[in-house]
Amino acid sequence: MVHDVVVLGATVAGLTVARRLAAEGYDVLVLDPNLEGLSAGIGHGVAAVGHASTAAAMAHAYGLDNALEHTRRNIAAIGEIRAIHPDHTVVPLRDRSLPGGDERETREIAELFRRAGADVDLLLAPDGAALRSSAIVVDPLEYSASLRAAAVAAGVEVRHSVTVTQLARHEGATRVSFRANLAWERESGSVGGVAVIDTLGVSPWGRAARVAPTQWVPVVRCTPNRPLTEVSLTAVGPAWLQRPVGQRALALGHKTTGERIVDAVEDLARWAESALGATEVETARLAIDPSDHGRPVVGASAIPGGFYARGNGRGELMNGTASGYYLAGLLTGAVGSGNALPPLSRLRAYGTRHRRR
């Protein structure tokens, strides 16, 4: 059987684009190597209009227009998350992620966010400038379940515990071969897709999108001596992000290398005990594919029918949702890139939507 779209990976990006396409009437299949909930239930669970440091890095690397477009996608992603998961929490976000807290640059980023439609305040203090906005906070596993349920309700078929073994493009479709991960299921399978979206890096275009070696992020869960009331981002010190999790707290450190991660985890744990008066400290580490100057690596390949989302754009809540939203636009033609699904797929999707009414 040839589907309109085969998505590799039930990640946040994968399930988001699958749900949006299925809601438009397209026939979508998702193949995922993990058990249900694992591929999308990762990360810190915070979504916001953007990070000042990311917006600044993108503006310097690609220009203000690209940073503005990135911010607009984030705002669209927040709307997606609100609709999919009503059980979210809105908390203040204090963003001091710009190194040095430079007032001029902070003002510029505040203006960029406002142009994109965000409600952002500039905070000035003797120790530097900061941005104040709102953030959506979710439990990643709970959001993963909500997102998968919404995708299935829209008509997406999701198959877990299967590993893709081969992809071959032939006569307008890509043949995707896979096998079950269970030892007692030896039969292999294959499906076709007019388009294939790779969020796992198993395809030629997905592997080519990798921009750098894997990075590591130290993680601490703890009970602070006083409950946190906001999400905060900080450029200096062991903690990059800290957020409330009920009466507990989650802290993530800055990205580092595999050689440095053990020391970084220990530094973050000591910081939590000192700065937060933390008890019941639990430590972990998170492996991530790096972004390109903060921008999720997402788009269409030179290979016909090939699309990809890599780096933070595949699994992290905010960037993953924004990437899925953007990919759906590419495939439906809402984003004018010339990579839309062919007329026959769009005609079938139109007929499906008409029958649903």
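What follows is a short dialogue on reading helices, a hairpin and a few buried residues in a predicted model.

Colleague: Let's start with helix α5. How many residues does α5 have, and what distance does it reach from end to end?

Modeller: Helix α5 covers residues 140-153, which is 14 residues. From its first C-alpha to its last it reaches 20 Å, close to the 20 Å expected at 1.5 Å a residue.

Colleague: How should I read which way its side chains point?

Modeller: The general idea is that an α-helix has 3.6 residues a turn, so residues three or four places apart point the same way. In this structure, the buried residues of α5 are Pro140, Tyr143, Ser144, Ser146, Leu147, Arg148 and Ala151.

Colleague: Which elements do those buried residues pack against?

Modeller: They pack against three helices, α1 (12-23), α3 (64-84) and α9 (317-332), and against strand β7 (157-159).

Colleague: And what is found at the two ends of α5?

Modeller: At the N-terminal end, Asp139 acts as the cap, with a side-chain oxygen 3.0 Å from the backbone nitrogen of Leu141. Just after the helix, Gly155 has a positive phi of about 115°.

Colleague: On to strands, then. What is the general idea there?

Modeller: In a regular strand the side chains alternate between the two faces of the sheet. For a case here, take β16 (residues 297-300) and β17 (residues 306-310), which pair over four bridges in the antiparallel sense. Ala300 has Phe307 in β17 as its bridge partner.

Colleague: How many residues lie between β16 and β17?

Modeller: Five residues separate the two strands of this hairpin. Gly305, in the turn, has a positive phi of about 80°.

Colleague: Is Gly206 buried or exposed?

Modeller: Gly206 belongs to helix α6 (residues 204-208). It counts as buried because its relative accessible area is 0%, and the cut-off for buried is under 20%. Beyond its neighbours within four places in sequence, Gly206 contacts Asp198, Gly201, Tyr308 and Arg310. Tyr308 and Arg310 fall within the residue range of β17, 306-310.

Colleague: Why does Thr54 count as buried?

Modeller: Thr54, in helix α2 (residues 52-62), is buried because its relative accessible area is 17%. Leaving out residues up to four places away in sequence, Thr54 touches His70, His293 and Gly294.

Colleague: One last feature: which residue lies over the face of Tyr326?

Modeller: That residue is Arg73, at 3.7 Å from the ring centre of Tyr326. Arg73 falls within the range of α3 (64-84), and Tyr326 within that of α9 (317-332).

Notes
Residues numbered from 1 in each chain as written. Predicted model: local features only at pLDDT ≥ 70, side-chain atom pairs only at ≥ 80, totals over all residues. Heavy atoms only, no water. Pairing = 2+ DSSP bridges. Buried < 20%, exposed > 50% of the residue type's maximum accessible area, 1.4 Å probe, protein only. Contact = heavy atoms within 4.5 Å. Lys NZ or Arg CZ within 6 Å of the ring centre and 35° of its normal. Expected span 1.5 Å × (residues − 1). Polar contact = N/O pair within 3.5 Å; in protein donor to acceptor, adjacent residues only side chain to side chain.
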